Amino acid sequence: MSCEQAHMAYTSVSWLSGFDEVSYSSDQEAYLARLEEDLAKQLAAKPRRLQHSYSVALCAEKLALLYGVDPFTSRVAGILHDWDKAYSNDELIERARKTNLDLGVDLSLVQPLLHGILAAHELPQKYPELPEDVLHAIKVHTIGSAHPTPLDMIVFIADGIEVFRPVAEGIEAVRNLVGTVSLPELYWRSFANGVAYVIATERWLYPGTIDIYNQLVLARERGEEPFTTTKETA
């Protein structure tokens with residue numbers, strides 16, 4: 001699927017409707033085109049993953065417009081978030097070991113979480129101009145964060161609800177909240193939905209995820225960061 005086809009898929013999305021095309025500078029347009037072309041090569045063997053990445057980028061851009069986050073950096077992070085999905089599971093584990101990544105458990109147990117962390121580590125070699133906030137959003141889009149930035153939240157949510165995700169009750173529930181709750185609340189619902197999915201499918205749950213979940217629960221109850229906003233939308 002081309003990025004243009006992904007664009008078409010968003011023209012009829014009711015929960016992200018009503019937005020005009022973003023007006024970028026010629027330099028920004030050229031940069032996005034370059035990243036999309038590079039991604040098409042990187043994920044040439046995985047067309048569904050490429051489709052997902054294009055879709056996350058567009059979803060992130062639209063969520064950013066809705067919640068007052070920079071749409072350009074949101075789209076850049078969305079394009080690149082699954083860069084390391086080009087590698088096999090075994091390759092990801094091996095690459096993680098070579099970087100001495102320590103998540104406190106055997107890396108084979110957290111293999112689904114590795115690609116974001118590794119991409120954030122490796123992408124600056126190819127794109128040294130990438131800002132730290134983009135790299136951080138890529139890094140935490142699998143594990144999440146107890147202290148997320150607005151861009152972190154945008155990419156995390158977009159990854160979970162983009163239009164090509166299979167229809168599921170939890171995903172639809174989060175989609176239906178877009179624009180009706182604050183960005184931190186939408187992030188919380190998306191994160192909690194992900195945890196619920198792992199439990200429902202009886203999969204191993206990373207202890208770090210449990211810790212983040214508990215920190216978010218307490219922050220939400222106490223009205224602490226990131227739940228200090230009182231606006232429904234930005």
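In the predicted model, the protein exposes about 11500 Å². Carbon and sulfur atoms supply 50% of this exposed area. Of the 234 residues of the protein, 49% count as buried. The charged side chains comprise 20 positive and 33 negative groups, and the centres of these two sets lie 4 Å apart.

The secondary structure consists of eleven helices and zero strands. Read from the N terminus, the order of elements is accordingly α-α-α-α-α-α-α-α-α-α-α. The radius of gyration of the protein is 17 Å, close to the 17 Å that the globule rule gives for 234 residues, so the protein is as compact as a globular protein of that length. The C-alpha trace spans about 45 × 40 × 30 Å along its principal axes. When contacts between residues at least 6 apart in sequence are considered, 67% of them join residues at least 24 apart.

Two residues were examined individually, beginning with S74. This serine lies in helix α4, which covers residues 71-80. S74 has a relative accessible area of 0% and is therefore buried, the cut-off being under 20%. A polar atom of the S74 side chain lies 2.7 Å from the backbone oxygen of D70. With neighbours within four places in sequence left aside, S74 is in contact with A60, E61, A64, V69, L151, I154 and V155. Of these partners, A60, E61 and A64 fall within the residue range 47-67 of helix α3.

The second residue, L63, is located in helix α3, which covers residues 47-67. L63 likewise has a relative accessible area of 0% and so counts as buried. Leaving aside its neighbours within four places in sequence, L63 is in contact with L16, I154, I157, A158, I161, V178 and L186. I154 is thus a contact of L63 and also a contact of S74. The C-alpha atoms of L63 and L39 are separated by 22 Å, and these two leucines are 24 residues apart along the chain.

Taken together, the two residue environments can be set against the overall description. S74 in helix α4 and L63 in helix α3 both belong to an arrangement of eleven helices and zero strands. Each of the two has a relative accessible area of 0%, while 49% of the 234 residues of the protein count as buried.

Conventions. Residues numbered from 1 in each chain as written. Predicted model: local features only at pLDDT ≥ 70, side-chain atom pairs only at ≥ 80, totals over all residues. Heavy atoms only, no water. Helix = DSSP H or I, 4+ residues; strand = E, 2+ residues; numbered from the N terminus. Rg over C-alpha atoms; globule rule 2.2 N^0.38 Å. Buried < 20%, exposed > 50% of the residue type's maximum accessible area, 1.4 Å probe, protein only. Contact = heavy atoms within 4.5 Å. Areas by Shrake-Rupley, 256 points an atom, 1.4 Å probe, with all protein chains shown as cover. Lys, Arg positive; Asp, Glu negative; His and termini not counted. Charge placed at Lys NZ, Arg CZ, Asp CG, Glu CD. Polar contact = N/O pair within 3.5 Å; in protein donor to acceptor, adjacent residues only side chain to side chain.
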